[in-house]
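Please open the structure in your viewer and keep the selection tool at hand. The tour below moves from one selection to the next and says what is there.

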Amino acid sequence: MNRYTLFAHSALLRAWTFGKAINAVQVFLTYHFSRWRKVPTMLGLPFSVSVEPTTSCNLRCPECPSGLRSFTRPTGMLSPDLFDDFLNQTESHLVYLNFYFQGEPFLHPTFLNLVESCVGRSIFTSTSTNAHYLNVQTAERVVLSGLHSLIISMDGASQDVYAAYRKGGSLHKVLEGIKNVAEARKRLGKRNPEIVVQNLLVKPNIHEKNQVENLAKSLGADRVVFKTAQVYDLSADHHLVPDEAKYSRYKRTDEGKLEIKNPLLNQCWRMWSGCVVTWDGRIVPCCFDKDASHQMGSLKESSFARIWNSEPYQQFRQAILFSRSKIDICNNCTEGTKVWA
């Protein structure tokens, strides 16, 4: 573990307070009590959330609603005032905030100001990016913002392989982005952010897996993680799903289709520990609800705590506990399954 990863782990520990720990214990106990009784009980508030800066994106990745421009919900940018109000309501129990859901966060005109607001409230802060906007000046601002973790998507070690998934993308810009942030940390004498390169494993890039890891680390990445790909068309010959079972979250059925390996047990920790906030203030259960079809409430109309404990949210948790397989967004979910990446 290098010093940047160690610093990130230390920052996460420092984000915990006695009050946040008590809240997390309440969440943990009521989650397991709810599983046992098959009745949703809720004490405490979520300690991990994802917040969407924007749905806009510069790329056209084939299995991403942002890339496909296939949303029915509107495209827009997170209001700083809305986000500040959200933090005022949640900072006492939030430990971790990830600035990502759909879209490219660095397209938000004041994104790093949002990061600074979050870091300033002692919340561990991360984001995920395609790295096309990490020029030298922005890289310095990223470091100075206090961002704890920067996840960079790098899905290939050559342009042709990278662009097989990252449609419209430039691998050169990704590599420059990694290098710029690593050099900015060193130049400014900072230990943040930890640079985590993420490789989405798809059939066209499997053969470059080791090259991606070596190249990323040579440029200053602290860790390289591999992630299985989510697809929506479950035909057996999907051009993105790897043939190697260990690199896929799907298995091939006798009927010639793909089926997720997840047994879809009637449980979901995420329904008790966290949620997603869209750019326009909608609260949705998790990151698999890309189009916000299961909206639990809006921060423009109600407080966060009221939404979290509302009847619609409790009914959704009840449905999870009784028949998770009947919920559309759960049928492509990895919660509760073990996959290689």
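What volume does the largest cavity have? In this predicted model, the largest cavity has a volume of about 50 Å³. To see its walls, select C268, M271, C286, F288 and F316, and then add I320, R324, I329, C330 and C333, which together line the largest cavity. Coloured by class, this lining shows nine nonpolar residues, no polar residues and one charged residue.

The count of cavities of 30 Å³ or more comes to two, so the next stop is the second largest cavity, with a volume of about 30 Å³. Select A229, L240, V241 and P242, followed by Y247, S248, R249 and Y250, and you have the residues that line the second largest cavity. Here the lining divides into six nonpolar residues, one polar residue and one charged residue.

Now clear the selection and show helix 6, residues 136–145, together with helix 8, residues 171–188, whose axes lie 8 Å apart and which pack at an angle of about 60°. An angle from 65 to 115 degrees would count as roughly perpendicular, and helix 6 and helix 8 are therefore oblique to each other. As you turn the view, note that helix 6 passes helix 8 in a right-handed crossing. For the contact itself, select V136, A139, E140, V143 and L144 on helix 6, and on helix 8 select N180, V181, A184, R185, R187 and L188. By class, this contact of helix 6 with helix 8 has seven nonpolar residues, one polar residue and three charged residues.

How values were computed. Residues numbered from 1 in each chain as written. Predicted model: local features only at pLDDT ≥ 70, side-chain atom pairs only at ≥ 80, totals over all residues. Heavy atoms only, no water. Axes fitted to C-alpha atoms, helices over the stretch in contact; angles between N-to-C directions. Helix = DSSP H or I, 4+ residues; strand = E, 2+ residues; numbered from the N terminus. Parallel < 35°, antiparallel > 145°, perpendicular 65-115°, else oblique. Left-handed = near helix turned anticlockwise from the far one by under 90°. Contact = heavy atoms within 4.5 Å. Nonpolar A, V, L, I, M, F, W, Y, C, P; charged D, E, K, R; others polar. 1 Å grid on protein atoms, 1.4 Å probe; cavity = no way out; pocket = protein on both sides within 12 Å on 5 of 7 lines; lining within 4 Å. Points joined across faces, edges and corners; volume = space filled by probe spheres on them.
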